[in-house]
Amino acid sequence: MKYFTTVHDVIDVDDLVQEALNIKQNPYAFPQIGKNKTLGLIFMNPSLRTRLSTQKAAMNLGMNVMVMNIDKEGWALEMEDGAIMNGANVEHVKDAAAVIGQYCDVVGIRCFPSLQNKQEDYSEKVLLKFMENCAVPVVSLESATLHPLQSFADLMTIKEHWNEKRKPKVVLTWAPHIKALPQAVANSFSEWMCKTDVDFVITHPKGYELSEDYTKGTTIYHNQDEALKDADFVYVKNWSTYNDDYGKVVSTDSDWMLTNEKLKMTNNAKVMHCLPVRRNVELSDEVLDGKNSLVIEQANNRLYAAQAVLKKILEK
Ligand code: CP
């Protein structure tokens, strides 16, 4: 594997999940694989889980790690090719990426969307600039449109709680939020679920349709109660609008917050969220702190998912 930016970079998803589950049993089994190799983690946006789990994953494999919050600690980056750089931006992204590639054997990059310009965000301009110019393998730490390390850990968590006797029903439900958030986690979760043998449905208020590039063939409900019926897993996440009025909050309807009352409609469903979560806005305290919540397990699995990805890249 040279790149890990989408589920489509993975040759065999089941094999990768099994690799991560094996690593979880014995995380220190490969201390030499990353010896004298350096991982550079480049953040253009905040992070807790992705930063710490990927750093620890690399250390478990014997890698050195350098972390840079490039938005605060680096020169202001120019993204436009052919720009006459007589404004505020000091360094072109293609020069910065090429230089980072000189110091690193693998580069991880987090680059959120602006939510101002759909075409620009969905072209993954920044991620592609890094992939084109840094000359080493690149791992997405969440891009404008996808968050594959999160979805991989989510699938791993589902597999650990999967009742082998039947195909599980997995529901992705939109949740209210006060701010406009990217669609990346929802897009990515859909992409990974569509590659998995589960009964996958999505529920959201009208106006929150995701790009069909990630959800094609999935049943969409605008009635959350109907979608939750008999669910085995409920993945809760807010996202902003994708279609006509891109990147906006058009509903904050608190009826969409998942509560224990709503969980009664499910098949005693496990509840998932990528975190960070706005308590009692997206999800109630009672659900987050209840016995069905998998949110801390998901965060734990971020470590083993990242370790499996780095191991595959280093083996190549
Ligand atoms: N879930 C997730 O990616 O968390 P961070 O934004 O804190 O890395």
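The following conversation concerns the disulfides and salt bridges of a predicted model.

Colleague: How many disulfides are there?

Modeller: The count is zero. Cysteine 194 takes part in none, and the nearest cysteine sulfur, that of cysteine 274, is 18 Å away.

Colleague: Why is cysteine 274 without a bond?

Modeller: The closest cysteine sulfur to that of cysteine 274 belongs to cysteine 111 and is 17 Å from it, which is too far for a bond.

Colleague: Are these residues buried or exposed? Take cysteine 274 to begin with.

Modeller: Cysteine 274 is buried, at 8% relative accessible area. Cysteine 194 is partly exposed, at 41%.

Colleague: Turning to charges, how many salt bridges does the structure hold?

Modeller: There are 18 salt bridges. One of them pairs lysine 159 with aspartate 14, at 3.5 Å from N to O. Lysine 159 belongs to helix H7 and aspartate 14 to helix H1, so this pair ties together parts that are 145 residues apart in sequence.

Colleague: What does glutamate 80 pair with?

Modeller: Glutamate 80 meets lysine 125 in a salt bridge, at 2.6 Å from N to O. Glutamate 80 sits in the loop between strand S4 and strand S5, while lysine 125 is in helix H6.

Colleague: And arginine 110 with glutamate 142: how far apart are the closest N and O atoms?

Modeller: They are 3.5 Å apart. Arginine 110 is buried, with a relative accessible area of 6%, and glutamate 142 is buried as well, at 7%.

Colleague: Which residues do salt bridges with shared partners join into one network?

Modeller: That network consists of Asp15, Glu19, Lys311, Lys312 and Glu315.

Conventions:
Residues are numbered from 1 along each chain as its sequence is written. This is a predicted model: local features need pLDDT of at least 70, side-chain atom pairs count only at pLDDT 80 or more; totals for chains, interfaces and linings use all residues. Side-chain values use heavy atoms; hydrogens and water are left out. A disulfide is a pair of cysteine sulfur atoms within 2.5 Å. Buried means under 20% relative accessible area, exposed over 50%, partly exposed in between (1.4 Å probe, protein chains only). A salt bridge is a side-chain nitrogen of Lys or Arg within 4 Å of a carboxyl oxygen of Asp or Glu. Helices (H or I, at least four residues) and strands (E, at least two) are DSSP runs, numbered from the N terminus.
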